[in-house]
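Me: I'm new to this one and would like to go through it by asking how the labels are earned. Could you show it to me first?

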Amino acid sequence: MGTRFRLFVQPPFEHARTSPETIEVSSPLGSLAAGPADRLMFVVEPVGKTRPYGVNRGPLGTPYIYLPPWTGKISEPAVPDEYGNFDYLQPSMPGFEAAHVFGCVRFTLDVWERYLGQSLVWHFRDHFDRMEISILPQWNNAQYGYGFLEVGSQFEKDGRILPFTLDFDVIAHEVGHAIIFSVLGVPRPGTEYPEYLGFQEAFSDCVSLIAAMHFPSVIDNVLEETRGNLYRANSLSRFSEFSPHRQIRSANNKRTMAEFAHGWKDEHELSQPLTGAMFDILVDIFHESLVERGLISRAVEDLADIAEFDPTAEARVQNAFDRAFARNSDGFVEALLDARDIVGSYMAETLWTLAADFLDYGDVVSAMLAIDKAESGGRFTRIISRNFGRREIGEVHAGMHLKGGERRSHVFSARTLLPIDYLECPKMDYREKLLLSRLISGQ
């Protein structure tokens, strides 16, 4: 028996009427300590911590690398009930946010460890046994790095502070980065292609999307809203607008690699063609499953492809899907779950075949086509090739990194830092070291 949590699929500040759903994660009942904490990760909310992990500057301006653990005071941790569950916590209660962020991380890991075929082994295992999940409310970002997953808040112009601890998409996206680093490792210096950075963001967006599709309410709501016509704008293809980068990362987009051939500023934008291709593959496999189950005709499926680029066909497509969904809504659910699992397993197997050094989008295409051939005899080769080809993925490559996107970029972020990188920083004198030790301990 697992441990229960209450999770928001959509954050409460995005949908005022949203209520948290009770879910059960794989952690055996009674195995979680206060925090929550287990043998792989633990949640802390530091008291007095003013700086995120990563590269910071000391009191006298000297750059330094700041990594876990936090050794200062912490807020009261979330405590399990007498049975070992955390679902007794209400959103208004102390400890709810800590339990929520832990539950989101564990839920996402549960989903993707099934696709990966094994438990994740952290890429920082040589220095840390457990991942520190750090809550830093006054910081306007979220990040995964060497030994930590750190979440802050979104600061709105009207004065509202929207905690990322309650945003499943943001948390699951950062878990996506953890999965990539844990499977691929960190690229060696000089081997990081631009498209590796875009792959990080695209894969992490898809980790969030596929994980969200494991909430029954998400599947029900999406199909109720679209009747299976997934190219229609819906909550599945719309990532949280309260992301650390103040943008909607839409999976249902029309971006192509030609837009980035002469350069790029932000890897989140560079990721869009790959994310869009993966979403299109998911939709096309879903539609193919509907045809094979006799739920829609081949003519309707072909018309749906046309409507993606011809708005005049949209009404006819929607009418056809409305009628088909009304006849057998359960069949639509089964087809969508099948498509979800095919794409999730293909992505996980693709990850196992890749290497961080010199990775580009063409490697992703080649790997996925080889996996489809091995798994299904090439059943989805046409779908995969067509959707990558439409976006010129593997054919046109990203140009140089242009100035102007540094504020949102992770090119020089805490994600790829390693403890040995401290050797690249200038040495501090004794006085600055003393001041810094007081600063980072919350004094």
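Me: Which residues does Phe332 touch, leaving aside its neighbours within four places in sequence?

Reply: This is a predicted model, and in it Phe332 is in contact with Leu223, Arg227, Gly228, Phe286, Leu290, Leu295, Ile296, Phe321, Ala324 and Phe325. A contact here needs heavy atoms within 4.5 Å.

Me: What makes a set of residues a nonpolar core, and where does Phe332 come in?

Reply: The members have to be buried residues of the listed nonpolar kinds, joined through side-chain atoms within 4.5 Å. The largest such core has 135 residues, and Phe332 is among those with the most contacts inside it, along with Trp112, Trp122, Ile179, Phe199 and Phe388. Helix 1, residues 96-116, gives the most to this core, with 13 residues. As a general point, nonpolar side chains tend to be buried together in soluble globular proteins.

Me: Why is Pro69 called exposed?

Reply: Exposed means over 50% relative accessible area. Pro69 has 52%, so the word applies. Pro69 is found in the loop between strand 5 (63-66) and helix 1. Not counting residues up to four places away in sequence, Pro69 touches Tyr53, Phe128 and Glu132.

Me: And why is Gln143 called buried?

Reply: Buried means under 20%, and Gln143 has 9% relative accessibility, so Gln143 counts as buried. Gln143 lies in strand 7, and its side chain reaches the backbone oxygen of Tyr53 at 2.8 Å. The cut-off for a polar contact is 3.5 Å, and 2.8 Å meets that.

Me: Which way do the residues of strand 7 point?

Reply: In strand 7 (residues 142-145), Ala142 and Tyr144 point one way while Gln143 and Gly145 point the other, and all of them are buried. That fits a general pattern: in a regular strand the side chains alternate between the two faces of the sheet.

Me: How do you know that strand 7 and strand 8 are paired?

Reply: Pairing takes at least two bridges. Strand 7 and strand 8 (residues 148-151) have four, in the antiparallel sense. Tyr144, for one, has Leu149 in strand 8 as its bridge partner. The two strands form a hairpin with two residues between them, and Gly147 in the turn has a positive phi of about 95 degrees.

Me: What makes strand 3 and strand 7 the edges of the sheet?

Reply: The sheet is open, with four strands in the order 3-6-8-7 and mixed pairing. Strand 3 (41-44) and strand 7 each have a single partner strand, so one side of each is left without a neighbour in the sheet. The twist averages 10 degrees from one strand to the next. Strand 3 pairs with strand 6 (residues 131-135) in the parallel sense over four bridges, and there the partner of Phe42 is Glu132.

Me: Which strands does helix 1 touch, and which does helix 2 touch?

Reply: Helix 1 packs on the sheet against strand 3, strand 6 and strand 8, and its direction makes about 155 degrees with that of strand 3. Helix 2 (residues 168-184) packs on the sheet too, touching strand 7 and strand 8, with its direction at about 20 degrees to that of strand 7.

Me: Why is the pair Arg298 and Glu301 called a salt bridge?

Reply: The nitrogen and the carboxyl oxygen must be within 4 Å. For Arg298 and Glu301 the N to O distance is 3.7 Å, which meets the cut-off. They are three residues apart in helix 7 (residues 298-307), so about one helical turn separates them. Arg298 is partly exposed at 37%, whereas Glu301 is buried at 2%.

Me: How far apart are the closest N and O atoms of Asp110 and Arg106?

Reply: They are 3.0 Å apart, and the two residues form a salt bridge. Asp110 is buried at 10%, and Arg106 is buried at 6%. Arg106, Asp110 and Glu113 are linked in a network of salt bridges.

Me: What makes the bridge between Asp284 and Arg386 a link between distant parts of the chain?

Reply: The two side chains meet at 2.7 Å, N to O. Asp284 sits in helix 6 (residues 272-292) and Arg386 in helix 11 (residues 381-390), 102 residues apart. Asp284 has 0% relative accessibility, so Asp284 counts as buried.

How values were computed: Residues are numbered from 1 along each chain as its sequence is written. This is a predicted model: local features need pLDDT of at least 70, side-chain atom pairs count only at pLDDT 80 or more; totals for chains, interfaces and linings use all residues. Side-chain values use heavy atoms; hydrogens and water are left out. Buried means under 20% relative accessible area, exposed over 50%, partly exposed in between (1.4 Å probe, protein chains only). A polar contact is a pair of N or O atoms within 3.5 Å; within protein, one must be able to donate a hydrogen and the other to accept it, and residues adjacent in sequence count only if both atoms are side-chain atoms. Axes are lines fitted to C-alpha atoms, for helices over the stretch in contact, and angles run from 0 to 180 degrees between N-to-C directions.
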